[in-house]
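Here is a walk through one protein chain, from a single strand residue out to the helix packing and then the overall dimensions. Have a look at the model first.

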Amino acid sequence: MKRFGVLAFVLFASVAFAQEQDFSKVQIKVSKVSGNIYMLQGAGGNIAASVGEDGIVIVDDQYAPLADKIAAALKGIGVTDKPVRFIINTHYHGDHTGGNLPFATRGATVIAHDNVRKRLESGGKAGTGTGPGSVNMEAKPAEKGALPIITFDHDVTVHLNGEDIRALHFPAGHTDGDSIIFFPKANVVHMGDDYVTYGFPFIDVLAGGSVQGMIAACQKVIPLLPADVKVIPGHGEVSNLDEVREYTKMLQDTSAVVQKAIDQGKTLDQMKKEKILAPWEQKYAGKFITADIFIETLYNSLTNSKNAMFVQHN
């Protein structure tokens, strides 16, 4: 698994934070993944785009000030002059949904899980927990025009450009509104922030996320995918199935170590002082999610029983 320097905008960010960024310097990088599926990288979460004669479907849309650049990059692919018709949000964080409003204003229809609309509409606290070592912040309610128009509970399929683009909900992973997006004809999957390549993941425990759910999502998805599938992570470069397996094992192993410490009656401070995640620190710890922050994330996740309910998908 590749590690990347993580800038602050990897996190979903508040509106105030987004306004502080100099988006004029952000360049949108377009990479062909497979077939008519492209990946766009700029500031925030990776965008997947199905580009064809029927128009464009994008998965996530980064920040509002980048909408013009994203639209220009999509047009620059040279396949179609038609605009973005549909947007599928993988979850509610602002670095994945910030462009909802400008694209919706131009006629795009936003699709997401029910909980994405609820959390965008209400705003509220988000983060890895409430302790002094947690990463947390306040998310402001989104404008009405930024809210998903079509929502779903289990899954939804968009039939466009000869592709059956399926969004499948996986609960209590990165958040309680996660969807993983499958492009079966192109052999591509966008895993949202249930799979990232920057190191230890950010898990929004305060928004119903949990390490158990993140592991469950990865374990369920892996058998559904061909061995040569192209995996678009929420952040980072296109990956393969072995890298997703490695990431899943890291989640399982680090969770097991923290759970063992919990069972032994150790406090959170003791776990940090004992550096129980030291075997993984060199490879996965970063400036964004350090080993101590991830210990606290796992502790909060594993001791929060309300996040331990998952659904089985067909």
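Let's start with Ile88, which is buried at 1% relative accessibility; buried means under 20% relative accessible area, exposed over 50% and partly exposed in between, using a 1.4 Å probe and protein chains only. You'll find Ile88 in strand S5, residues 84-88. Helices (H or I, at least four residues) and strands (E, at least two) are DSSP runs, numbered from the N terminus. Setting aside residues up to four places away in sequence, Ile88 touches Val57, Ile58, Val59, Asp60, Ile111, Val158, Ile165, Ala167 and Ile181, where contact means heavy atoms within 4.5 Å. Thr197, by comparison, sits 109 residues from Ile88 in sequence and 21 Å from it in space, C-alpha to C-alpha.

Before going further, a word on the ground rules: this is a predicted model, where local features need pLDDT of at least 70 and side-chain atom pairs count only at pLDDT 80 or more, while totals for chains, interfaces and linings use all residues. Residues are numbered from 1 along each chain as its sequence is written, and side-chain values use heavy atoms, with hydrogens and water left out.

Ala167 also turns up around Ser179, a residue of strand S12. Apart from neighbours within four places in sequence, Ser179 contacts Asn89, Thr90, His113, Phe152, Ala167, Leu168 and His169. Ser179 is buried too, with a relative accessibility of 1%.

Strand S12 (179-183) brings us to the helices, as the buried residues of H6 pack against it and also against helix H7 (241-263) and helix H10 (291-302). How many of the 11 residues of H6 are buried? Eight of them are, which leaves this helix (residues 211-221) mostly covered. The buried set consists of Val211, Gln212, Gly213, Met214, Ile215, Ala217, Cys218 and Val221.

Now for the packing of H6 on H7. The two helices meet at an angle of about 145°, with their axes 10 Å apart; axes are lines fitted to C-alpha atoms, for helices over the stretch in contact, and angles run from 0 to 180 degrees between N-to-C directions. On the H6 side the contact uses Val211, Met214, Ile215, Cys218 and Gln219, and on the H7 side Tyr247, Thr248, Leu251, Gln252 and Ser255. Sorted by class, that H6–H7 contact holds six nonpolar, four polar and no charged residues. For that count, Ala, Val, Leu, Ile, Met, Phe, Trp, Tyr, Cys and Pro are nonpolar, Asp, Glu, Lys and Arg are charged, and the others, Gly among them, are polar.

H7 has another partner in H10. Their axes come within 10 Å and cross at roughly 70°, so H7 and H10 are roughly perpendicular to each other, a label that covers angles of 65 to 115 degrees. From H7, the residues Met250, Leu251, Thr254, Ser255, Val258, Gln259 and Ile262 meet Phe294, Leu298, Tyr299 and Leu302 of H10. This contact has eight nonpolar, three polar and no charged residues.

Which residues does Leu277 contact, leaving aside its neighbours within four places in sequence? They are Phe200, Thr254, Val258, Ala291, Phe294, Ile295 and Leu298. Leu277 belongs to the loop between helix H8 (268-273) and helix H9 (278-284), and its relative accessible area of 0% makes it buried. Asn115 is 162 residues from Leu277 along the chain, and their C-alpha atoms are separated by 32 Å.

Two other loop residues are worth a look for their backbone. Most residues other than glycine have a negative phi. Gln62, though not a glycine, has a positive phi of about 55°, and Asn161, also not a glycine, has a positive phi of about 55°.

| Residue | Loop | Relative accessible area |
|---|---|---|
| Gln62 | between strand S4 (55-59) and helix H2 (67-76) | 1%, buried |
| Asn161 | between strand S10 (155-160) and strand S11 (163-169) | 13%, buried |

Finally, the whole chain. Its secondary structure comes to 10 helices and 14 strands, and 58% of the 314 residues count as buried. Along its principal axes, the C-alpha trace spans about 60 × 40 × 35 Å. Of the contacts with a separation of 6 or more, 69% are between residues 24 or more positions apart.

Key:
Angles under 35 degrees count as roughly parallel, over 145 as roughly antiparallel, 65 to 115 as roughly perpendicular and the rest as oblique.
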